[in-house]
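Here is a short briefing for a first look. Keep the sequence and the structure side by side while you read.

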Amino acid sequence: MLSKVILLALLVAIASAALQSRARQNFNCDDLLNRQIAIEFEASHMYLSASNFFAHDRVALHGFAKIFRADWKEELEHVEKLVNYGIMRGSNVITPAVPKQDDAQWESKTVCDIIHDTLNFEKKVNDHLHTLHKCADANYDPQFQDFIESEFLKGQFDGNKELADLLTRLERATQVVHQNGTTTSTCDGLGLHLIDKELQ
Ligand SMILES: *[C@@H]1O[C@H](CO)[C@@H](O)[C@H](O)[C@H]1NC(C)=O
Ligand SMILES: [Fe+2]
């Protein structure tokens, strides 16, 4: 009797856990795809938080607010592309929990630190895309490989180059020469104002 109850509970659990796709063929990267969707959601949340910080009247860097706002929307587009892809391949797409952002996290950083951290974060996103690509490769799924390459990997490097350029230009524009002849960057002041103007 007890084993029958357990069996019934198990069958109900399986039935509610996943509808079986009829379209599905040779797709074996569900967990990694769902993880990528969660990462893109997290990135969009982070960029929204950064954009709101830059737009605040005590910061008023509207050029930076604008680029992070565009990033926010771009990450949501990445989410949508991945969701649509999962549905097309008959995967059971998971709606992820998106971690809450600490909106005060930006206040203690210079703009250069924020751009530097953003670049490192994008590299981590890129690493996970490579993991996804490896899964496609290991399961002989050329269609999935092509999707990752054409829709994600190319743009990822373009974006990183732009961030790296921006950091160099920020450092140059806010450079100070010390009496001992060495130079450092404040990442603030008129130079920051000028770069921000360019981004508007
Ligand atoms: C040069 O001066 C700056 C500012 O005072 C200081 O931070 C830096 O450590 C100095 N560098 C050398 C090599 O003395
Ligand atoms: Fe993305």
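This is a predicted model: local features need pLDDT of at least 70, side-chain atom pairs count only at pLDDT 80 or more; totals for chains, interfaces and linings use all residues.

## Helix packing, cores and single residues

α5 and α6 pack at an angle of about 145 degrees, and their axes are 10 Å or less apart in the sense that the value is 8 Å.

Key
Residues are numbered from 1 along each chain as its sequence is written. Chains are lettered from A and ligands numbered from 1 in the order in which they are written. Axes are lines fitted to C-alpha atoms, for helices over the stretch in contact, and angles run from 0 to 180 degrees between N-to-C directions. Helices (H or I, at least four residues) and strands (E, at least two) are DSSP runs, numbered from the N terminus.
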